[in-house]
Amino acid sequence: MSNPYVFLGPNVGPLYGRTAFYRKLERHLLKEHPDHISVIGSRFIGKSTCLANFPEHLAKKKSDYITTIYWDLATSMISGDSSFWTKLSDQFLAELKRVGHKAVEVHDPKEPQAFIRLAIG
C-alpha cells in the first residue's frame, strides 16, 4: 500500500483522523464568543493539512461560519501594513467568491480594511 499522506508540494493532501483535534477547535470556535486560536507544532505533523481541511469539516456543522481562510504567511511576501491588509483582503475575496457570498459585490481594492471589517462582521 502506498503512503496516503502528502508531505511536500503546493497541494495539501486529504485528512485522515484528527477527530479529537477538530473537536478541540470546535469548542473554541463554535461558541457565542469564539476564541482566537493558534496552531503550533513541529514540522510535518499535520497542522497545514488540518487547517486546510477544516472548512469541509465546518460545512457539516451548523454554525455561523461561512468558510475559513488558509493563508501560509511563511510563503507570502509582506512588506508592511498596507501590503498585509491588501493581501488579507485578497484572501477574503477569493474565498468569498469561491463560496458565492454576496459580500464580494462591495469589495473595493482601495479600501481593504473596510472590506475585511464587513466580511468578518
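**Briefing on a four-helix predicted model**

I66 is located in the loop that runs between α2 and α3, the latter spanning residues 81-99. The model is a predicted one, and the protein in it has four helices and zero strands, so that reading along the sequence gives the pattern α-α-α-α. Of its 121 residues, 23% count as buried, and among the contacts between residues at least 6 apart in sequence, 49% join residues that are at least 24 apart.

**I66 and its surroundings**

- With a relative accessibility of 48%, I66 counts as partly exposed, because the partly exposed class runs between 20% and 50%.
- When residues up to four places away in sequence are not counted, I66 touches V99 and H101.
- I66 and V99 are separated by 33 residues in sequence, while their C-alpha atoms are 8.0 Å apart in space.

**Packing of α1 against α2**

- Helix α1 covers residues 19-29 and helix α2 covers residues 47-59, and their axes come within 11 Å of each other and cross at roughly 65°.
- That angle makes α1 roughly perpendicular to α2, because the range from 65 to 115 degrees is the one assigned to this description.
- The crossing of α1 and α2 is right-handed.
- On the α1 side the contact is formed by F21, Y22, L25, E26 and L29, which meet T49, C50, N53, F54 and H57 of α2.
- Sorted by class, this contact of α1 with α2 contains six nonpolar, three polar and one charged residues.

**The largest nonpolar core**

- The largest nonpolar core has six residues, namely Y22, L25, L29, C50, F54 and L58.
- The elements that contribute two or more residues to this core are α1 and α2.
- L25, one of the core residues, is in contact with I37 and F54 once its neighbours within four places in sequence are left aside.

**P34 in the loop between α1 and α2**

- P34 belongs to the loop that lies between α1 and α2.
- The relative accessible area of P34 is 40%, and P34 is therefore partly exposed.
- Leaving aside neighbours within four places in sequence, P34 is in contact with H28, L29 and Y65; of these partners, L29 is also listed among the residues of the largest nonpolar core.

Technical notes:
Residues are numbered from 1 along each chain as its sequence is written. This is a predicted model: local features need pLDDT of at least 70, side-chain atom pairs count only at pLDDT 80 or more; totals for chains, interfaces and linings use all residues. Side-chain values use heavy atoms; hydrogens and water are left out. Axes are lines fitted to C-alpha atoms, for helices over the stretch in contact, and angles run from 0 to 180 degrees between N-to-C directions. Angles under 35 degrees count as roughly parallel, over 145 as roughly antiparallel, 65 to 115 as roughly perpendicular and the rest as oblique. A crossing is left-handed if the near helix is turned anticlockwise from the far one by less than a right angle, and right-handed if clockwise. Contact means heavy atoms within 4.5 Å. Ala, Val, Leu, Ile, Met, Phe, Trp, Tyr, Cys and Pro count as nonpolar, Asp, Glu, Lys and Arg as charged, and the others, Gly among them, as polar. A nonpolar core is a set of buried Ala, Val, Leu, Ile, Met, Phe, Trp, Tyr and Cys residues joined through side-chain atoms within 4.5 Å. Buried means under 20% relative accessible area, exposed over 50%, partly exposed in between (1.4 Å probe, protein chains only).
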